[in-house]
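Me: I've got a protein model open and I'm trying to get my head around how its pieces fit together. Can we go through it bit by bit?

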Amino acid sequence: MKMRKLYIYRVLGVMCFMFLLLSFCFGVISDGPGEPDIDDTVEEYTKEFTIQLDEVPDEYRDTAEEAGTLTEFWYDTRDYNGDGEEMEKFAIVYTPFGFQETENYNVLYLMHGYGGAATTWLGSPGDETEIKHCIDHMIEDGLMEPLIIVSCTYYDNNEDENTDNYDVYLTEAFSEELKRDIIPSVEAEYPIYADRNHRIFGGFSMGGVTTWYQFLQSMSYFRYYMPLSGSLLWGPDAALYDGGAEWTLDVLKEGLKAQGYTASDFFIYMASGEYDYGRPLLEDQITAMEEDPETFSFGNPSDEGVNCAYGYGSGEDHNAEGRLRYAYNLIPVLSGMMNHE
């Protein structure tokens, strides 16, 4: 009972910190522009399998000579979390330098966090982010193979819905839009390998939560997952359980089994930063997952039998700089796995 109370106080403390931060920023949250520095030191993580993530080279922040292209891709969908209203939305699609319509590509689908947008990860045509430049450089320098990237939003009509629950329920509901509308529309327009072995889904903060729900709901579509600074403890299922993180293991195992898949059918590469307020709960979930190493085996991505990896960004906070570092370190690894399928 004492441990349960301590855990509840820990969760409430994180939530209160987030509330105060958002109030201070007048609605500008950690996933959006104008982000303040967060001086919220948490204890050092010492799991032996933790991977120390490299810093991004300065030159990778600038426009590459061989730059890919961003396009607003419009598609028809509906409000799957509400009244079913039909609407038109756009995603930002990245095609690499030298893109050929006659050549098939792997694909990475990305989701932003609370208050973000389809443009959060890569930017928009004419207004590109450092992450987009970094990906261009990595492809240009041969660190990863060319791929197509689709940056999405779970907000209706591409407009921030200003939810009072940090988008908790949108994270779970998005899978319907993704599977029914986004994937079919994008992959009918672009030359993409149309199978789960050539798709990654990733996201940051509440986009990380969205990623966990794709693991639970969309295993037939994705083999590879990249949840960053977000855990199931921020998702709607958390309200069903009385504290602790142990339940996350059961939910993940049950979701995997219900979809007809096993430990050999996925790879999850997660990450967070030293000062990231989302890190403690993500690491609590990792600790729970460690209790079943036959299902979730942590280690180096190159090691045989490993299907989970955890990256740690020294000095990183819950912000765009952290996202950039995770993209630089994680995307080439997952891309390389797809190219060996």
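Me: At what angle do helix 3 and helix 4 pack?

Reply: Keep in mind that this is a predicted model. Find helix 3 at residues 168-189 and helix 4 at residues 206-217. Their axes are 8 Å apart, and the angle at which the two pack is about 55°.

Me: Are those two helices oblique or roughly parallel to each other?

Reply: Angles under 35 degrees would count as roughly parallel, and this pair packs at about 55°. The crossing also has a hand, which is right-handed. Because of their angle, helix 3 and helix 4 are oblique.

Me: Which residues of helix 4 make the contact with helix 3, and how many residues of that contact are charged?

Reply: Helix 3 brings V168, T171, E172, F174, S175, L178 and K179, while helix 4 brings M206, V209, T210, Y213, Q214 and Q217. Sorting the residues of this contact by class gives six nonpolar and five polar ones. The charged ones number two.

Me: Helix 4 also meets helix 5. How are they oriented to each other?

Reply: Helix 5 covers residues 246-258, and its axis comes within 7 Å of the axis of helix 4. The two cross at roughly 40°. That angle is over the 35 degrees limit for roughly parallel, so helix 4 and helix 5 are oblique.

Me: How many charged residues does the contact of helix 4 with helix 5 have?

Reply: On the helix 4 side you'll find W212, F215 and L216, and they meet V251, L252, G255 and L256 in helix 5. By class, that contact has six nonpolar residues and one polar. The count of charged residues is none: there are no charged residues there.

Me: Is S205 buried or exposed?

Reply: S205 sits in the loop between strand 8 (199-204) and helix 4. Setting aside residues up to four places away in sequence, S205 touches G113, L228, S229, G230, W234 and H318. Its relative accessible area is 4%, and under 20% is what counts as buried. So S205 is buried.

Me: Now for the sheet. Which strands stand at its edges?

Reply: The sheet is open and has nine strands with mixed pairing, in the order 1-11-10-9-8-4-7-3-2. A strand at an edge has a single partner strand, so one side of it is left without a neighbour in the sheet. The strands in that position are strand 1 and strand 2.

Me: Which residue stands opposite Q52 in strand 11?

Reply: Strand 1 pairs with strand 11 in the parallel sense, over two bridges. Look across from Q52 to strand 11 and you land on Y312.

Me: How many bridges join strand 2 to strand 3?

Reply: Strand 2 (residues 69-78) and strand 3 (residues 86-95) run antiparallel. As one pair to look for, W74 stands opposite F90 in strand 3. The number of bridges joining these two strands is ten.

Me: And which residue of strand 7 stands opposite I92?

Reply: Strand 3 is joined to strand 7 (residues 147-152) by three bridges, and the two run antiparallel. Across from I92 you'll find S151.

Me: How many residues of strand 3 are buried?

Reply: A91 is one residue of strand 3, and at 0% relative accessibility A91 counts as buried. Leaving aside its neighbours within four places in sequence, A91 is in contact with T71, E72, F73, Y75, A118, V150, S151 and C152. Strand 3 is mostly covered, and of its ten residues the number buried is eight.

Me: How far apart in space are A309 and G299, C-alpha to C-alpha?

Reply: A309 is found in strand 11, and with 0% relative accessibility it counts as buried. Along the sequence A309 and G299 are ten residues apart. G299 is also among the residues A309 touches. In space, their C-alpha atoms are apart by 5.5 Å.

Me: Last one: at what angle does helix 7 run to strand 10?

Reply: Helix 6 (residues 279-289) packs on the sheet too, touching strand 10 and strand 11 at about 145° to the direction of strand 10. Helix 7 (residues 320-338) lies across strand 4, strand 7, strand 8, strand 9, strand 10 and strand 11. Its angle to strand 10 is about 170°.

Technical notes
Residues are numbered from 1 along each chain as its sequence is written. This is a predicted model: local features need pLDDT of at least 70, side-chain atom pairs count only at pLDDT 80 or more; totals for chains, interfaces and linings use all residues. Side-chain values use heavy atoms; hydrogens and water are left out. Axes are lines fitted to C-alpha atoms, for helices over the stretch in contact, and angles run from 0 to 180 degrees between N-to-C directions. Helices (H or I, at least four residues) and strands (E, at least two) are DSSP runs, numbered from the N terminus. Angles under 35 degrees count as roughly parallel, over 145 as roughly antiparallel, 65 to 115 as roughly perpendicular and the rest as oblique. A crossing is left-handed if the near helix is turned anticlockwise from the far one by less than a right angle, and right-handed if clockwise. Contact means heavy atoms within 4.5 Å. Ala, Val, Leu, Ile, Met, Phe, Trp, Tyr, Cys and Pro count as nonpolar, Asp, Glu, Lys and Arg as charged, and the others, Gly among them, as polar. Buried means under 20% relative accessible area, exposed over 50%, partly exposed in between (1.4 Å probe, protein chains only). Two strands pair if DSSP finds at least two bridges between them.
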